[in-house]
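I opened a fresh page for this one and kept my notes short. Here is what I looked up, in the order I went through it.

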Amino acid sequence: MKYKILSHTADLRLEVYGKTIEELFTNAAEALADILVGKEKPLSSMRAVTEKLQIQSADLNLLLVDFLNEVLAKSQINKRMYKVESLKLIRNELTAEISGISVEKFEEDVKAVTYHEVDIKKEGDSYTTKLVLDI
């Protein structure tokens with residue numbers, strides 16, 4: 001399981017999983033894309049556009065939120081659904097390559113990924129965190 005949606009009174013709350021930190025970040029970006037497009041399918045006739053991201057933050061929790069907000073901003077500006085093609089983490093610095101496919105519309109209006117409840121933890125052989133999306 002990559003992620004699950006949890007109950008929340010006003011916003012959208014997720015729990016995200018990954019066997020590695022990189023997989024946790026990738027699964028969080030996939031969850032965001034799934035929420036944005038819902039049942040909407042990307043325009044298959046469009047070619048994917050690849051973009052590179054480089055982000056640095058004070059700690060790993062902030063880096064995850066900053067990364068997701070950057071992907072969200074690019075999604076809204078370019079009207080694309082993004083998928084992580086590669087992601088590398090060194091301490092609190094991230095380098096990623098994402099590819100985006102145009103969509104007609106977004107099913108959910110996500111305003112931001114919040115810092116509320118983000119706390120990356122290692123549980124056994126995997127990592128987990130909660131995310132709250134402002135909708």
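**Entry 1: a cut-off, then K79.** Before judging any residue I wrote down the scale: buried means under 20% relative accessible area, exposed means over 50%, and partly exposed is in between. The model is a predicted one, and I keep that in mind throughout. I tried the scale on K79, whose relative accessible area is 39%, so K79 is partly exposed. I found K79 in the loop between helix 2 and strand 4. Its backbone caught my eye too: phi of K79 is near 50°, a positive value in a residue that is not glycine. For context, I noted that most residues other than glycine have a negative phi.

**Entry 2: another positive phi.** R91 also has a positive phi, about 55°, and R91 is not a glycine either. I located R91 in the loop between strand 4 and strand 5. Is R91 buried or exposed? Its relative accessibility is 77%, and the cut-off for exposed is over 50%, so R91 counts as exposed.

**Entry 3: across from R91.** I then went to Q56, which lies in strand 3. Q56 and R91 are 35 residues apart in sequence, yet I read 9.1 Å between their C-alpha atoms. Q56 is exposed, with a relative accessible area of 62%. Which residues does Q56 touch, leaving out those up to four places away in sequence? I listed L63, N92 and E93.

**Entry 4: E30.** Next I picked E30, in helix 1. E30 has 30% relative accessibility and counts as partly exposed. I also checked E30 against Y3: the two are 27 residues apart along the chain, and their C-alpha atoms are separated by 9.0 Å.

**Entry 5: the overall layout.** Time to step back. I counted two helices and eight strands in the protein chain. Read from the N terminus, the order is β-β-α-β-α-β-β-β-β-β. The radius of gyration is 14 Å, close to the 14 Å that the globule rule gives for 135 residues, so the chain is as compact as a globular protein of that length. Along its principal axes, the C-alpha trace spans about 40 × 35 × 25 Å. Of the contacts with a separation of 6 or more, 64% come from residues 24 or more positions apart.

**Entry 6: the core.** How many residues does the largest nonpolar core have? It has 35, and those with the most contacts inside it are F25, F67, L68, L87, L94, L131 and L133. Several elements each supply at least two residues of this core, among them strand 2 (12–18), strand 3 (49–56), helix 2 (60–78) and strand 8 (126–134). The largest share, nine residues, comes from helix 1. I followed up on F67: setting aside residues up to four places away in sequence, F67 touches F25, A29, L53, I55, V84, L87, L94 and A96.

**Entry 7: surface and charge.** Last page. Of the 135 residues, 42% count as buried. The accessible surface comes to about 7600 Å², and carbon and sulfur atoms hold 47% of that. I tallied the charges as well: the chain has 19 positive and 23 negative side chains, and the centres of the two sets lie 4 Å apart.

Note on methods
Residues are numbered from 1 along each chain as its sequence is written. This is a predicted model: local features need pLDDT of at least 70, side-chain atom pairs count only at pLDDT 80 or more; totals for chains, interfaces and linings use all residues. Side-chain values use heavy atoms; hydrogens and water are left out. Helices (H or I, at least four residues) and strands (E, at least two) are DSSP runs, numbered from the N terminus. The radius of gyration is taken over C-alpha atoms; the globule rule is 2.2 Å times the number of residues to the power 0.38. Buried means under 20% relative accessible area, exposed over 50%, partly exposed in between (1.4 Å probe, protein chains only). Contact means heavy atoms within 4.5 Å. Accessible areas come from the Shrake-Rupley method with a 1.4 Å probe; for residues, only the protein chains shown count as cover. Lys and Arg count as positive and Asp and Glu as negative; His and the chain ends are not counted. The place of a charge is taken as NZ of Lys, CZ of Arg, CG of Asp or CD of Glu. A nonpolar core is a set of buried Ala, Val, Leu, Ile, Met, Phe, Trp, Tyr and Cys residues joined through side-chain atoms within 4.5 Å.
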